[in-house]
Amino acid sequence: MTLIEAVRTTIRRLHDSRRTEAAYVHWLRQFLRFHSGKPPRQMGAEEVTAFLDELAVARRTAASTQNQALCALLFLYKRVLDLQISRLEALERARRPEHLPSVLSRQETLTLLEHFVPPFRLIGELLYGNGLRLLETLSIRVNDVDLDRRQTSAVQRAVHDAGRAAELAKRATCRPFRQSFAPHLLEAGIDIRTIQTLLGHKDGRTTMIDIHIVDRGPLGVISPLDR
């Protein structure tokens, strides 16, 4: 049995997904190619670190991509070869890009919803009105959606078409509906703890990411005396 076959057999025995199998096999081949086909049993932490540094520095891959390659190699050594490699303390970690959520204004949200057609208008309203994720929304019974495969492409296309019809300057996708839910509640005076509960966040820091981009400005502050 070849090394690739052994990896595939182990993954299937552990009932991991075919997507995981394809990803791990891909990174194993990349790892072997990087080291000119040298057998993994003759390599260890130094060679693994060199390969992952290549991904982070030379290829400038995303942090998630480097982490997937790391998981594939750890799987190879621990699960397939039954070998332990020392800690990768010298590993150069790929940087995670700073990303702020895209938030629509209340008027942009309503304009976008007005350009939806049934049944996608209802889906858009659920995304925005309840702060649901797209797959959470599709778990609700909606006609013309493949719930078994959980395929959301028709909805995404409808959002895109509605965005063009509404002539929004911002890119219209499903995610800003949920991301607009928290800021708009905060603007309406709802406290952060309640918003965290509604969004289902375990960590309040996640909620802060969703709402910290709200810019009320000095004119948005009401004096206690005025209240």
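Accessible areas come from the Shrake-Rupley method with a 1.4 Å probe. On that basis, the accessible surface of this predicted model comes to about 14900 Å² for the chain, and 49% of that surface belongs to carbon and sulfur atoms.

**Figure 1. The whole chain is a run of helices.** Start by getting your bearings in this overview. The chain has 11 helices and zero strands, so if we define helices and strands as DSSP runs, every element you meet from the N terminus on is an α element. Of the 227 residues, 39% count as buried. Look also at the contacts between residues at least 6 apart in sequence: 58% of them join residues at least 24 apart.

**Figure 2. Four helices supply the largest nonpolar core.** This core has 28 residues, and those that touch the most other members are Val 7, Val 48, Phe 51, Leu 52 and Tyr 77. Two or more residues come from each of helix 1 (3–13), helix 2 (18–34), helix 3 (45–58) and helix 4. Which helix gives the most to this core? That is helix 4, with eight residues. Apart from this core lies another, of 13 residues, with Leu 134, Val 159, Ala 162 and Ala 166 among them.

**Figure 3. Val 7 meets residues from further along the chain.** Leaving out residues up to four places away in sequence, find Val 25 and Leu 28 among the contacts of Val 7. Phe 75, Leu 76 and Val 80 also touch Val 7.

**Figure 4. Leu 70 sits in helix 4.** Helix 4 covers residues 63–80. Is Leu 70 buried or exposed? Leu 70 has a relative accessible area of 8%, and because buried means under 20%, Leu 70 counts as buried. Beyond residues up to four places away in sequence, Leu 70 touches Leu 52, Leu 88 and Arg 93. Leu 52 is 18 residues from Leu 70 along the chain, yet their C-alpha atoms are separated by 7.2 Å.

**Figure 5. Tyr 24 and Phe 75 form a tilted aromatic pair.** A pair of aromatic rings is described by the distance of the centres and the angle of the planes. The count of aromatic pairs comes to four. For Tyr 24 and Phe 75, the rings are 5.4 Å centre to centre, with 55 degrees between the planes. The pair links distant parts of the chain, with Tyr 24 in helix 2 and Phe 75 in helix 4, 51 residues apart. Tyr 24 is buried at a relative accessible area of 16%, and Phe 75 is buried too, at 9%.

**Figure 6. Phe 31 and Phe 51 meet edge-to-face.** Their ring centres are 5.6 Å apart and their planes lie at 70 degrees; angles over 60 count as edge-to-face, so this pair does. Phe 31 belongs to helix 2 and Phe 51 to helix 3, so the pair ties together parts 20 residues apart in sequence. Both Phe 31 and Phe 51 are buried. Now widen the view: ring pairs link Trp 27, Phe 31, Phe 34 and Phe 51 into a cluster.

**Figure 7. Helix 10 has a buried face.** In this helix (residues 192–199), look for the buried residues Ile 195, Gln 196 and Leu 199. Seen down the axis, these buried residues fall within an arc of 100 degrees, so they line one face of the helix. What does the face turned away from the buried side carry? There you will find the exposed residues Arg 193 and Thr 197. Just after helix 10, Gly 200 takes a positive phi of about 75 degrees.

Conventions
Residues are numbered from 1 along each chain as its sequence is written. This is a predicted model: local features need pLDDT of at least 70, side-chain atom pairs count only at pLDDT 80 or more; totals for chains, interfaces and linings use all residues. Side-chain values use heavy atoms; hydrogens and water are left out. Buried means under 20% relative accessible area, exposed over 50%, partly exposed in between (1.4 Å probe, protein chains only). Contact means heavy atoms within 4.5 Å. A nonpolar core is a set of buried Ala, Val, Leu, Ile, Met, Phe, Trp, Tyr and Cys residues joined through side-chain atoms within 4.5 Å. The arc is that of the directions from the helix axis to the C-beta atoms. Rings of Phe, Tyr and Trp (its six-membered ring) pair if their centres lie within 6.5 Å; planes under 30 degrees apart count as stacked, over 60 as edge-to-face and the rest as tilted.
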